[in-house]
Each structure stands twice: as structure tokens, then as C-alpha cells.
Amino acid sequence: MITSAFFVLEKYPTFTSMKLIIINGPNLNLLGKREPEVYGNTTFEDYFKQLQEKFPQAELEYYQSNIEGEIIGKIQEVGFDYDGIILNAAAYTHTSVGIGDAVKAVTTPVVEVHISNTHKREEYRHVSYISPGAKGVILGFGLQSYDLAIRSFLS
Ligand code: DQA
């Protein structure tokens, strides 16, 4: 009897959803309007709704700021508690030692994402201060980069 109870517990573990946050950096509040040939026509708010519908097993949150210190503050706030951070630091990717240090400082794994393939673009976009502290990097798949990052946490 005891053996079969163990079997049931192992086979059907208690369901707890993953707490994931998407943190977007400067100018990503303009998605849909900003350089649509590079970033597409969809607003992030609309895309985020699609992600919530697609991944009901995850508790998804979204935060955007144009301010470096606010992004660092958010990473510190969630970074010892949440299951994953999906970070598109946008232009700060290529300049911010502070955000790079915050990514290294926290215990929550961070997946770096970019909508565009930054390596195909200007040389200053080839450098990332985020990558050395990131669990992984997903770039160049359009908005789908976020979808793939969520899957990386769920799989
Ligand atoms: C970006 C790429 C960055 O170089 C740029 O500054 C952005 C967006 C991307 O998602 O493709 O703002 O992070």
C-alpha cells in the first residue's frame, strides 16, 4: 500500500506554475510603431496577451522601462524569488555594465532575448554586457524570440 502511494505522488507531482517576468528596456514601448521593418507591426501589449493565452502553465509578468536604474531595480526585486527572467535590455545591452552586473548578482536565471539578429547589424550591437551572466541568448526570431525563451524555462 505504502509503495503505491509513493508511486502516485511521484507520477502526479503537485502543480506549481513557473513565475516568469519579461523585462524590456528602452524604446521597446514603441514596438508596433518603431522601425517596423526591423521590429514588426505588433505592439508588445498585444503580443504579451498572446503569450499569456499560449502559456497558461506559466505565471507571466511584463515590465518595461526606458531608465537603466529602474531596470536594475526590477532585476534586483525579482531576482531572488522568480523562476526566470526574460530580458531584452535593448540598447543598454551594448552599454550597461550596471545591468550586466545585476544579471550576475541575482540567483534567478536570466535568458537574454533580442527581436533582431544583432550580429547582422551595426558593429556596436555585436557586444553584449548581458550575455556573460545569462543562462542563454535567443535572438533574431522577431517577437518569437520571447516565445522561445519562455519555452526554454518550461522544458
Ligand atoms: C534589440 C536590439 C538592440 O540593438 C536595440 O538597441 C533594441 C532592440 C532587439 O530586440 O533586437 O532596442 O534589443
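## Surroundings of T93 and the pairing of α3 with α6

In this predicted model, T93 is buried, with a relative accessible area of 1%, and because the cut-off for buried is under 20% relative accessible area, the value for T93 falls within that class. The residue is placed in the loop between β3 (84-88) and α5 (97-105). Leaving aside residues up to four places away in sequence, T93 touches E112, H114, V127, S128, Y129 and I130. One of these partners, V127, stands 34 residues from T93 along the chain, with 7.7 Å between the two C-alpha atoms. The side chain of T93 also has a polar atom that lies 2.6 Å from the backbone oxygen of A90.

The two distances that involve T93 are set out here.

| Atoms at T93 | Partner atom | Distance |
|---|---|---|
| C-alpha of T93 | C-alpha of V127 | 7.7 Å |
| Side-chain polar atom of T93 | Backbone oxygen of A90 | 2.6 Å |

A second feature of the model is a pair of helices, α3 (residues 44-54) and α6 (residues 144-154), whose axes come within 11 Å and cross at roughly 30 degrees. Angles under 35 degrees count as roughly parallel, and α3 and α6 are therefore roughly parallel to each other. Their crossing is right-handed. On the α3 side, F44, Y47, L51 and K54 take part in the contact, and they meet Q144, Y146, D147, I150 and R151 of α6. Sorted by character, the residues of this contact between α3 and α6 comprise five nonpolar, one polar and three charged.

Note on methods
Residues are numbered from 1 along each chain as its sequence is written. This is a predicted model: local features need pLDDT of at least 70, side-chain atom pairs count only at pLDDT 80 or more; totals for chains, interfaces and linings use all residues. Side-chain values use heavy atoms; hydrogens and water are left out. Helices (H or I, at least four residues) and strands (E, at least two) are DSSP runs, numbered from the N terminus. Buried means under 20% relative accessible area, exposed over 50%, partly exposed in between (1.4 Å probe, protein chains only). Contact means heavy atoms within 4.5 Å. A polar contact is a pair of N or O atoms within 3.5 Å; within protein, one must be able to donate a hydrogen and the other to accept it, and residues adjacent in sequence count only if both atoms are side-chain atoms. Axes are lines fitted to C-alpha atoms, for helices over the stretch in contact, and angles run from 0 to 180 degrees between N-to-C directions. Angles under 35 degrees count as roughly parallel, over 145 as roughly antiparallel, 65 to 115 as roughly perpendicular and the rest as oblique. A crossing is left-handed if the near helix is turned anticlockwise from the far one by less than a right angle, and right-handed if clockwise. Ala, Val, Leu, Ile, Met, Phe, Trp, Tyr, Cys and Pro count as nonpolar, Asp, Glu, Lys and Arg as charged, and the others, Gly among them, as polar.
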